[in-house]
Every structure is written in structure tokens, then in C-alpha cells.
Amino acid sequence: MDNSLLYSRLYQSFGFEPTQGQQRVLRHLTAFLLSKKPLPLYLLRGYAGTGKTTLVNAIVKVAPVLNMRVILMAPTGRAAKVLSQYTGMQAYTIHRRIYLHSYTPDGLYKSVLVQNKLKNTLFVIDEASMIAGFSTHSDEIKGRNLLDDLMYFVAQGDGCRLLLIGDQAQLPPVGMELSPALDVNYLKTSYQVTAATYELYEVMRQALDSGILFNATTIRTQLQQGKANLPLFQIQQFSDIETTDPVQLEEQLYDAFAARNFGDAVIICRSNKTANRYNQAIRQHILGMDSEIASGDLIMAVKNNYYWLEETEQAGFIANGDIFEIKRINKIENIYGFHFAHVSMSFTETDDQIDFDTIIILESLATETAALGRKETNRLFVAIEEEYAHITPRSKRISKIRSNPYYNALQVKFAYAMTCHKTQGGQWPVVFLDAGIYQTENIDISYLRWLYTAVTRATKKLYLLNFKDEFFPQ
């Protein structure tokens, strides 16, 4: 197929009259899909509402005429589910698509990069801003570098190419200031790719009817200009974004959560401490749960866990950020100086409704840090080691500890309210957004990035909580 015919197909599949920027991207994508150069890579960046999703759908529709296979991936299960919903195709997490997971004889977890034997395949990676360029606490799989491994995996294939999609205004990976997967210069200098990029700025006309996207664009524009000036919100003329107060809030939370359609709403906070407070309020006042943990609870893994699903091919491991519903509490136990719950639960964000039994360490529920700290983890290790004191040498004793189910207990938090980093990659029809800032003079670029990411999690309704009057025109 020649360039003009492919461009025409992409243009027709786009479904709207494209903006000038979108027309340029369609021409870039035409050259990218037909390129014979080594490892073609296209980096598509853009604001929320600029048409990135629509462009991906056009590619998915046109790829079959090129006899090209398309594989959709995202950094998290939540992001993969959103990608599946708007394309109508199965999407995978990067980790679960490119790695095999197993244990060494001495109980150490290991991940092995699988060989890419595919030909003429386009790998589409959404939410690429979440991919780190080096090992971090949240992104590493036992010391592996996800971006390096992804690039190597795609390069192994015959005639394979990579499309990275993301929004540079969103939060970068934890512990990083920039997202390396959205930096075309970094990609060119670090990998043997033939790379091109474009950033979409113009929000599609039909998208600006949304108050959520209108205000997200206002915040994004300030970010682009390097400013952090109030006011930030215009809400009077829109029905999908509004402020709320404590009297209204209880009724709105009841409407959002009482039916237990937990994929429909979330509360976004700036700290784990605030999220804990909202989670307990939802459980006690809306759901009527007084016990520490209960059947029907929605929980989120806050640390990668490689112990419980090692024999379940569909999942491989439990990833930091995965969300589950507790089906049954089998036993509560106090051992090794900690409290544990033996539970049966299932994933909520995958099409594979995997039910499994596990052990949860309950102390993780109320911590004000992302997960249990080193001090608490070491205390558990020492307590278990005392039980195995008779095992020698110590290397065998440590191997035994590593295979202990209590040492491998799942660390979780309730998932009605989350920090913004935990919601990244996901979308909810209804979002309650807590301002998370009490001195407006502390508003800076990093806060705007946090706010933009949080606002763009909502698709139908955004409630603003605890925002001072200065955020709005007087």
C-alpha cells in the first residue's frame, strides 16, 4: 500500500474532521506504519481531549489491511482495562506480556524476558508516562528495568514497531522528575530506534463541551507556560464539575458508593493519611462495615507480591495497584506480633475473574506511608526467623523464611479513596477530588501536575472538595 492510500484510510477511520495537528499526526503515522527502517518508534504526546484515543482507534481499524498485528499494552492493569474499553480489543499489562515469572530453588523470585517471535506487529503502549527508565520501588520487577526490557523485546521481533502514547503533564513515575518514555531524545540516545514524535495541543471541539476537560486544559496550559497562578477553575457554566460541602457530600458519597458499583466512583487524595480517613468514612457510614476488614471490601495491593499467584498463568503475580474484592474472610489470626486475615478474593479490573486464597497483613491498612516500612518488615522477619532458629546454615533458614506465607502476606489498603499516583492510568465516571493543599501560596508546578492528573481521571462528574475560594473567579 502506498502512502496516499494509507493516509486516506487512516483519515476516513478517524471519524471526525481532524485538526491541523491531527492531520500532521495522521501523516506521521502513515510513514511510521510503512517504514522499513530499523525499529520504527513513534511517540504521540498530547493533552487530555486532543484525540489520542481516536487516533489509536483509527490505527486499530486500518492495521488489518497492512496484514499487521496490533498488540495493546499499558503499565498497569487499570490502564490496560481502559485501553480495552475504548478500542474494543484485549489489552495487557506490559509486565504480564513480556515476562515469565518463576522461583529459584532457594526461594528467590525471578522474572525472565520472553522472546518476541512475532512478525510485522505493532505494539501500542498507552499511559507511557508511567514507565520508568531505571529501576524504582514502584516500577522494578526484582531489579529489572522495564523500559530497557520493553525496547529489547520489541526489537527482537521481525518487522515490529512501537507506538508510545502519553501526556507529559501527568505525574512521572514515583521518584522521578520526568518520564523518560516520553522524551524522544532520551529514546534516541538510549536505544537503536528510528524515532519521531509529535505533541497535540488543540483540544477537540466536542471535548470542550466538558467542564472536566475545559478545566484540565486550563491547568495544562499553565503547566506548559511554567506558571502556577490562581484562579484555576471555571465551573459556573458546566454541569459536570462542581464544588461540594460536608452536608451535600454525605448524600453524594452515598449515591456513588452505596450500590457497591465500585468501578463507578473514587475519591482522590494527596496523602495516604487523608485516603485512610475517607476509606474509613465510606466503610463505616456508607457501607456499614465496622470490622477491621469484611467480605465485600474493596482493597488494593500496595506492593508487588510474587508468592500467591506463581502458578496462575493469567496473572503471574500481584502488582502494586491491582484492585480486588474480598469474597470471604476465612480466619483472622494474631501471630508473629502482627494481625493477619486469611481471605478469598478476586481481581476486579481484569476480564479474567481469578478467584484465589491469600493472607493479608492487616497492619498495612492504616499505615500513612505507601506500604509497611522497613522497620516493620524487619520485625516480621526476625519474629519468623526465631521459629526457624533450629535450621542451619543460615542460608537455608533464610530460604525457609522467604517461602513462609506470613512473610509473603499481601500488603493492601482500602480502595474507595486513593492517592493520585494509585489512580493514574484509570478512569471513573464519578471522581471526588480533595484539594490536598491548605496554603494557596504553596501552589507550584508540581501541584498543578498532580491536579491535572487527578482532574483527568473523571469522565462524567467531578466533585471538588476543600478547595479555597481563591481557586475560582470571584
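Let me begin with helix α14, where Tyr447, Leu448, Trp450, Leu451, Tyr452, Thr453, Ala454 and Val455 are buried. The model before you is a predicted one. Helix α14 runs over residues 445-455 and is mostly covered, with 8 of its 11 residues buried. What do the buried residues of α14 pack against? Their partners are two helices, α8 (211-225) and α13 (420-423), together with the strands β10 (265-269), β17 (428-434) and β18 (458-465).

From this helix I turn to the chain as a whole. The chain contains 14 helices and 18 strands. Its radius of gyration is 23 Å, close to the 23 Å that the globule rule gives for 474 residues, so the chain is as compact as a globular protein of that length. Along the principal axes, the C-alpha atoms fill a box of roughly 75 × 60 × 40 Å.

How much of the chain is buried? Of the 474 residues, 57% are buried. The accessible surface comes to about 21200 Å², and carbon and sulfur atoms account for 48% of that surface. Contacts also reach across the sequence: among those between residues at least 6 apart, 71% join residues at least 24 apart.

One pair of residues may serve as an illustration of separation in sequence and in space. Leu146 lies in helix α6, which spans residues 146-156. Is Leu146 buried or exposed? With a relative accessible area of 1%, Leu146 is buried. Leu146 and His95 stand 51 residues apart in sequence, while their C-alpha atoms are 7.9 Å apart in space.

I come next to the charged side chains. The chain carries 47 positive and 48 negative side chains, and the centres of these two sets lie 7 Å apart. Side chains of opposite charge can pair when their charged atoms come close. How many salt bridges does the structure hold? There are 10 salt bridges in the structure.

Let us consider Glu385, which takes part in a salt bridge with Arg394 at 3.0 Å, N to O. Glu385 counts as buried, at 15% relative accessibility, whereas Arg394 counts as partly exposed, at 43%. The side chain of Glu385 also meets that of Arg397 in a salt bridge, at 3.3 Å, N to O. Why does this pair tie together parts that are 12 residues apart in sequence? Arg397 lies in helix α12 (residues 394-402) and Glu385 in helix α11 (residues 374-387), so the salt bridge links those parts of the chain. Arg397 is itself buried, with a relative accessible area of 13%.

Elsewhere, salt bridges that share partners join four residues into one network: Arg45, Asp167, Glu199 and Arg220.

A further salt bridge is formed by the side chains of Glu325 and Lys327, at 3.8 Å, N to O. Are its partners buried or partly exposed? Glu325 counts as partly exposed, with 27% relative accessibility, and Lys327 also counts as partly exposed, with 43%.

To close, I return to the two themes of this talk. On packing, helix α14 is mostly covered, and 57% of the residues in the chain are buried. On charge, the structure holds 10 salt bridges, among them the two that Glu385 makes with Arg394 and with Arg397.

Technical notes
Residues numbered from 1 in each chain as written. Predicted model: local features only at pLDDT ≥ 70, side-chain atom pairs only at ≥ 80, totals over all residues. Heavy atoms only, no water. Helix = DSSP H or I, 4+ residues; strand = E, 2+ residues; numbered from the N terminus. Rg over C-alpha atoms; globule rule 2.2 N^0.38 Å. Buried < 20%, exposed > 50% of the residue type's maximum accessible area, 1.4 Å probe, protein only. Contact = heavy atoms within 4.5 Å. Areas by Shrake-Rupley, 256 points an atom, 1.4 Å probe, with all protein chains shown as cover. Lys, Arg positive; Asp, Glu negative; His and termini not counted. Charge placed at Lys NZ, Arg CZ, Asp CG, Glu CD.
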